[in-house]
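Reader: Could you take one part of this model and go through it closely, with the cut-offs behind each term given as you use it?

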There are 2 protein chains.
Amino acid sequence: MSDLNKPVIVLVRPQLGENIGKAARAMLNFGLTELRLVSPRDGWPNPSAGPAASGADIVLEQAKVYATTAEAVADCAYVHATTVRKRGVTKPVIGADEAGRQVHTLAGRHAIIFGPERSGLETEDVALARNILTIPINPEFASLNLAQAVILVSYEWSRIGREIAGGDAVLVQPTLEDTLPPAPQEELEGLIAHFEQMLEPRDYFLPEGRAEATRRTLRGVLTKPGWNHLEVRTLRGVLTTLARTIRH
Amino acid sequence: MSDLNKPVIVLVRPQLGENIGKAARAMLNFGLTELRLVSPRDGWPNPSAGPAASGADIVLEQAKVYATTAEAVADCAYVHATTVRKRGVTKPVIGADEAGRQVHTLAGRHAIIFGPERSGLETEDVALARNILTIPINPEFASLNLAQAVILVSYEWSRIGREIAGGDAVLVQPTLEDTLPPAPQEELEGLIAHFEQMLEPRDYFLPEGRAEATRRTLRGVLTKPGWNHLEVRTLRGVLTTLARTIRH
């Protein structure tokens with residue numbers, strides 16, 4: 001995926017260096033690296049940021065500082081303002097998924113801007129944006145911290161990118177070892193026959209009138225799993241063992 | 001949305017109270033409230049948890065503590081283990097979106113389990129699970145903290161729920177008659193124990209050095225099917241029959 005598809009993450013007037021570090025970590029978790037800081041309260045660099053970034057130093061080292069939000073997004077074609085919905089703002093309100101989709105599909109640089117920890121974005125910051133990005137959250141407990149907002153937005157950007165690339169929302173492709181196909185039917189039949197051979201002389205299929213239904217039930221239970229070759233072999237071993245007499 | 005559609009969040013051997021608090025906050029952000037703690041390192045309650053929860057006190061107050069992971073998920077039909085992929089584990093690997101989808105669409109209680117901050121889940125915790133839940137992450141920077149993992153999983157559960165409610169989802173809700181839910185974990189444990197009891201005196205778990213791996217393999221084979229209550233009962237009957245001596 002080319003860098004053009006990656007959004008710039010803009011933190012507007014962030015307060016704690018620790019939160020800047022955590023946001024950097026969240027970005028890098030999903031492969032985002034371009035961080036811009038608008039007028040960070042405690043200046044920049046901030047010694048609290050590094051430890052909180054837990055190794056995402058490259059993001060912090062490349063971070064650029066701007067005096068105003070307008071300057072920070074000057075080269076961006078699209079600005080998405082992350083905020084709870086503002087009264088009286090008449091902009092499209094989108095979720096993190098739709099924002100991710102737009103970043104991947106609308107050519108031009110995208111900036112996603114986040115406000116200060118306590119107060120959120122000001123009206124004039126929001127005014128710069130094309131969209132309002134709102135993460136639908138429990139209305140009775142809507143306190144989302146900065147790094148968590150950043151990780152959700154980064155995750156959605158990544159998820160949608162894979163969805164577009166793969167044409168499907170299935171995230172992790174199981175490897176061949178994880179998912180051997182079910183064993184061929186004849187192996188399954190061998191297993192069922194093995195069970196029946198051991199059960200029959202122990203009167204499992206009595207009374208006679210119920211025998212057919214009982215066989216059907218057992219077959220259903222053993223067919224459902226779709227066991228692969230190795231799993232069937234394991235169960236054959238279990239049955240062989242159970243046929244042994246107990247050691248003394 | 002009824003409580004039945006909400007997953008239980010299980011933190012296995014969490015270390016810092018602060019992280020438990022942050023996880024609780026992340027849960028409540030998306031409306032999840034049922035937290036279970038397996039053997040928290042510093043005991044419970046933990047005075048560091050409350051401040052970090054930033055108001056999500058109700059989640060902490062209702063949290064339940066268990067000695068083992070098995071006990072914590074005993075009443076759950078589905079267990080999803082959040083972990084990076086383990087070598088040699090042959091379970092389905094799903095993303096947070098698919099996990100969210102399963103919680104909403106597969107009847108029965110779901111538990112999503114998370115390992116300790118540093119080390120992650122142990123092999124025996126993962127062995128309890130039906131699925132491995134892996135969040136696809138930047139392979140070059142894959143350190144995801146506990147609360148961030150919890151918020152991503154909670155967010156996806158919420159997002160998929162809205163998608164389904166909004167009619168976007170293509171999934172068809174299976175009817176109860178078609179698909180009884182998998183038996184609760186404790187019934188599955190009873191079945192596994194029954195197999196082991198019968199196999200052990202027949203030397204199935206020899207040589208000693210291979211015993212643990214053999215147990216894990218057997219557990220994997222028996223966990224995969226997701227047998228329901230009736231199917232488990234059938235197999236218990238099979239085992240009881242196999243313990244009988246052959247009639248002459």
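Author: What follows looks at helix α7 of chain A, the side of chain A on which α7 lies, and then some loops and the core.

This is a predicted model, in which local features need pLDDT of at least 70 and side-chain atom pairs count only at pLDDT 80 or more, while totals for chains, interfaces and linings use all residues. Residues are numbered from 1 along each chain as its sequence is written, and chains are lettered from A and ligands numbered from 1 in the order in which they are written.

Helix α7 of chain A covers residues 146–166, helices being DSSP runs of H or I with at least four residues and strands runs of E with at least two, numbered from the N terminus. Because the expected span is 1.5 Å times one less than the number of residues, the 21 residues of α7 should span 30 Å, and the end C-alpha atoms, 30 Å apart, agree with this. Of these 21 residues, 15 are buried, a word used where 20 or more other C-beta atoms, placed from the backbone, lie within 10 Å of a residue's own, with 12 or fewer making it exposed and values in between partly exposed.

Between the chains, 49 residues of chain A are in contact with 50 residues of chain B, contact being C-beta atoms, placed from the backbone, within 7 Å. On the side of chain A that touches chain B, α7 is joined by α1 (17–29), α8 (185–199), α9 (211–223) and α10 (229–242), each supplying at least two residues. That side divides into 28 nonpolar, ten polar and eleven charged residues, where Ala, Val, Leu, Ile, Met, Phe, Trp, Tyr, Cys and Pro count as nonpolar, Asp, Glu, Lys and Arg as charged, and the others, Gly among them, as polar.

The loop between α8 and α9 of chain A holds A:Asp203, whose phi is positive, near 65 degrees, although the residue is not a glycine; A:Asp203 counts as exposed because it has 12 C-beta neighbours inside 10 Å. In chain B, the loop between α8 and α9 contains B:Pro207, which a cis peptide bond joins to B:Leu206, with omega about 0 degrees.

Finally, the largest nonpolar core, a set of buried Ala, Val, Leu, Ile, Met, Phe, Trp, Tyr and Cys residues joined through C-beta atoms within 7 Å, has 128 residues, and A:Val10 and B:Val10 are those with the most contacts inside it. Leaving aside neighbours within four places in sequence, B:Val10 is in contact with residues including B:Val38, B:Ile112 and B:Phe114.

Terms used:
Two residues are in contact if their C-beta atoms, placed from the backbone, lie within 7 Å.
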